[in-house]
Amino acid sequence: MLMALGMFVFQTNTVPYQELQRRTEWRHASQSRVGDRPAYQYLGPGTDTITLSGTLLPEFTGGRLNLDEIRDMADQGRAWPLVEGTGRQYGLWVITGVDETSSTLYRDGAAAKIEFSLTLEHVDDERTDMIGDLTIYTGARLVGAFV
C-alpha cells in the first residue's frame with residue numbers, strides 16, 4: 001500500500017501514483033511604509049496541497065473505474081483521512097481536482113495508457129463533521145459495485 005485516502009487504497013492494482021508533490025503556504029499581511037520595506041504580520045497557516053500524479057496502464061494497474069471511484073468520493077464534498085503506507089498520518093483532506101489524459105487508444109476507445117493528477121487540500125483536522133461516509137464505499141465494494 002502506497003497510501004490510503006479514506007477507504008480508497010493507492011496500490012498497484014488501483015491508482016499507483018509515481019509522484020507526490022506537496023506545497024504548504026503560510027499567510028502574511030503586508031503594510032506599505034514610506035521610505036522603508038513593507039511591514040509584515042503573520043496571520044497563520046495557509047493552504048496545504050498534495051498532488052499525486054502518475055501513469056496507469058490498465059492491463060497491469062487500475063484504470064478509469066478507479067479514477068471514477070475517486071470522483072465519487074469528491075462528489076460527496078467531504079474530507080477523508082490520508083494515511084501513508086509507512087503509517088504517517090496527514091490528517092483530513094478534500095479532493096479538489098482529478099485530471100485524466102487517455103492515450104494509446106484501442107479500437108473500442110479503451111485507453112492503454114492513462115496519465116492522471118489528483119489534487120488534495122488539507123482541511124482543519126478538528127472538523128470531524130466533514131469526514132466522508134466510509135460505509136458507502138465499504139458496502140459497495142462488498143457487493144461488487146466498485147471494481
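This report describes the sheet, the helix and the largest pocket of a predicted model.

## The sheet as a whole

The strands of a sheet are held to one another through backbone hydrogen bonds, and they can pair in a parallel or an antiparallel way. In this predicted model, 7 strands make up an open sheet with antiparallel pairing, and reading across the sheet gives the order E2-E1-E5-E6-E7-E4-E3. Strand E2 (8–10) and strand E3 (19–33) are the edge strands, since each of them pairs on one side only. Neighbouring strands of the sheet are turned against each other by 30 degrees on average, if direction is ignored.

## Pairs of strands

Following the order of the sheet from E1 onwards, one meets strand E1 (residues 3–5), which pairs with strand E5 (residues 80–84) in the antiparallel sense over 3 bridges. Within this part of the sheet, Leu-5 stands opposite Leu-82 in E5. E5 is in turn joined to E6 by 4 bridges, and these two strands also run antiparallel, with Trp-80 standing opposite Trp-93 in E6.

E6 and E7 pair in the antiparallel sense as well, over 11 bridges, and here Leu-105 has Ala-111 in E7 as its bridge partner.

## Two hairpins and their glycines

Which residue takes a positive phi in the hairpin of E5 and E6? In that hairpin, where 4 residues lie between the strands, Gly-87 takes a positive phi near 100 degrees. The hairpin that E6 forms with E7 has 5 residues between the strands, and in its turn Gly-109 has a positive phi of about 95 degrees.

## The helix on the sheet

Helix H1 (residues 64–75) packs on the sheet, where it touches E1, E2, strand E4 (36–56), E5, strand E6 (89–105) and strand E7 (111–122). The direction of H1 makes about 140 degrees with that of E6.

## The largest pocket

Empty space in a structure can be found by rolling a probe the size of a water molecule over the atoms. In this model the largest pocket holds about 150 Å³ of space. The pocket is lined by 12 residues, and the closest to its centre are Pro-58, Gly-62, Gly-63, Arg-64 and Leu-65.

Helix H1 and strand E7 are the elements that give two or more residues to this lining, and H1 gives the most, with 3 residues. When the lining residues are sorted by character, 6 of them are nonpolar, 5 are polar and 1 is charged.

Key: Residues are numbered from 1 along each chain as its sequence is written. This is a predicted model: local features need pLDDT of at least 70, side-chain atom pairs count only at pLDDT 80 or more; totals for chains, interfaces and linings use all residues. Side-chain values use heavy atoms; hydrogens and water are left out. Two strands pair if DSSP finds at least two bridges between them. Axes are lines fitted to C-alpha atoms, for helices over the stretch in contact, and angles run from 0 to 180 degrees between N-to-C directions. Contact means heavy atoms within 4.5 Å. On a 1 Å grid over the protein atoms alone, a cavity is a set of points where a 1.4 Å probe fits but cannot get out, and a pocket is an open set with protein on both sides within 12 Å along at least five of seven lines; lining residues have an atom within 4 Å of a point. Grid points are joined across faces, edges and corners, and a volume is the space filled by probe spheres set on the points. Ala, Val, Leu, Ile, Met, Phe, Trp, Tyr, Cys and Pro count as nonpolar, Asp, Glu, Lys and Arg as charged, and the others, Gly among them, as polar.
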